[in-house]
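Biologist: Please take a close look at one part of this model, the side-chain contacts that carry charge, and then follow the thread outward to the rings and the pocket. I would like one connected account, with the reasoning shown where a cut-off decides the matter.

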Amino acid sequence: MKLVKLKNIKIIGRIDNMDYDEKNDYYICKNGKKLFDNKIINRKSKTGYKSKITCYICKECRDCQYKSSCIKGNNSKIPLENRTKNLQVSKLFHEKRKENLKRIISPEGCQLRMNRSIQAEGAFAQLKQNMKFRRFLSRGKENVLSECIIVAIAHNISRLHNKIIKNKRGVYLHHLKEVF
Ligand code: SF4
């Protein structure tokens, strides 16, 4: 996540690297100029998903020193000096992404992510390394599925056995360790 963030810092034309004034609904670019909403486009994807896209435009790009790194689209027939920055934003998408990020970095989100990595990766390690299950013995979808189910049952019994021994029945999640 950190790497993506570092990479994005250089891409000044990205919406993620601009400040947003929620109250007045405009973005502020690297040059301190405002991008106001210009129009709304209703879009439909190939799969039929409908989205509402808000277009923001900056009207003060003329002599901007950051223009070449801010405005992309090198194949445009319009020369760069005549072009202006525009952003296409799905407000719903950004709203949902913000909500998701809030959930992901919350204490519960951190705990679930940590447990997910332990549980999913741990199960593969257990099956492949400890149970020596490296390849299917049968052929055909149904047989392979049956084998999967049998291996999963064996794994679950082994886990339950460990939990009973350690008196951890009913405990589903590992706790996050505090780092001071
Ligand atoms: S090109 Fe326009 S939007 Fe981009 S930094 Fe310059 S003034 Fe701002």
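Modeller: I begin with Lys 91, whose relative accessibility of 37% makes it partly exposed, because that class covers the values between 20% and 50%. The model is a predicted one. The partner of Lys 91 is Asp 25, and the two form a salt bridge in which the closest N and O atoms are 3.0 Å apart. Asp 25 sits in the loop between β1 (19-21) and β2, whereas Lys 91 belongs to helix α3 (residues 91-105), so this contact ties together parts that are 66 residues apart in sequence. The two ends also differ in their surroundings, since Asp 25 is buried at a relative accessible area of 15%, while Lys 91 counts as partly exposed.

Helix α3 holds another such contact, for the side chains of Glu 99 and Lys 96 meet in a salt bridge at 3.8 Å, N to O; this pair qualifies because the limit is 4 Å. Glu 99 and Lys 96 both lie in α3, 3 residues apart, which is about one turn of the helix. Glu 99 counts as partly exposed at 32% relative accessibility, and Lys 96 likewise counts as partly exposed at 42%. Salt bridges with shared partners also join Arg 14, Asp 16 and Arg 97 into one network. Within it, Arg 14 and Asp 16 form a salt bridge whose closest N and O atoms are 3.2 Å apart, with Arg 14 partly exposed at 35% relative accessibility and Asp 16 partly exposed at 33%. The total for the structure comes to 6 salt bridges.

From charge I turn to the rings, where the structure holds 4 aromatic pairs. In one of them, Tyr 26 and Phe 36 have ring centres 5.2 Å apart and planes at 65 degrees, so the pair is edge-to-face, given that angles over 60 degrees fall in that class. Tyr 26 lies in strand β2 (residues 26-28) and Phe 36 in strand β3 (residues 34-44), so the pair ties together parts that are 10 residues apart in sequence. Tyr 26 counts as buried at 11% relative accessibility, whereas Phe 36 counts as partly exposed at 40%. Phe 133 and Phe 136 form an edge-to-face pair as well, at 5.3 Å centre to centre and with 85 degrees between the planes. Phe 133 is partly exposed, with a relative accessible area of 21%, and Phe 136 is partly exposed with 32%. Ring pairs further link Tyr 20, Tyr 27 and Tyr 56 into a cluster.

As for the wider layout, the assignment divides the protein into domain 1 (2-102) and domain 2 (111-165), and 45 Å separate their centres, taken over C-alpha atoms. The second largest pocket encloses about 520 Å³ of space, and α4 (107-130) and α5 (141-165) each supply at least two residues of its lining. The largest share of that lining, 7 residues, comes from α4. In total 19 residues line this pocket, with Ile 118, Arg 159, Lys 163, Lys 166 and His 174 lying nearest its centre. By class, the lining of the second largest pocket divides into 6 nonpolar, 9 polar and 4 charged residues.

Technical notes: Residues are numbered from 1 along each chain as its sequence is written. This is a predicted model: local features need pLDDT of at least 70, side-chain atom pairs count only at pLDDT 80 or more; totals for chains, interfaces and linings use all residues. Side-chain values use heavy atoms; hydrogens and water are left out. Rings of Phe, Tyr and Trp (its six-membered ring) pair if their centres lie within 6.5 Å; planes under 30 degrees apart count as stacked, over 60 as edge-to-face and the rest as tilted. Helices (H or I, at least four residues) and strands (E, at least two) are DSSP runs, numbered from the N terminus. Buried means under 20% relative accessible area, exposed over 50%, partly exposed in between (1.4 Å probe, protein chains only). Domain bounds come from an automatic or database domain assignment. On a 1 Å grid over the protein atoms alone, a cavity is a set of points where a 1.4 Å probe fits but cannot get out, and a pocket is an open set with protein on both sides within 12 Å along at least five of seven lines; lining residues have an atom within 4 Å of a point. Grid points are joined across faces, edges and corners, and a volume is the space filled by probe spheres set on the points. Ala, Val, Leu, Ile, Met, Phe, Trp, Tyr, Cys and Pro count as nonpolar, Asp, Glu, Lys and Arg as charged, and the others, Gly among them, as polar.
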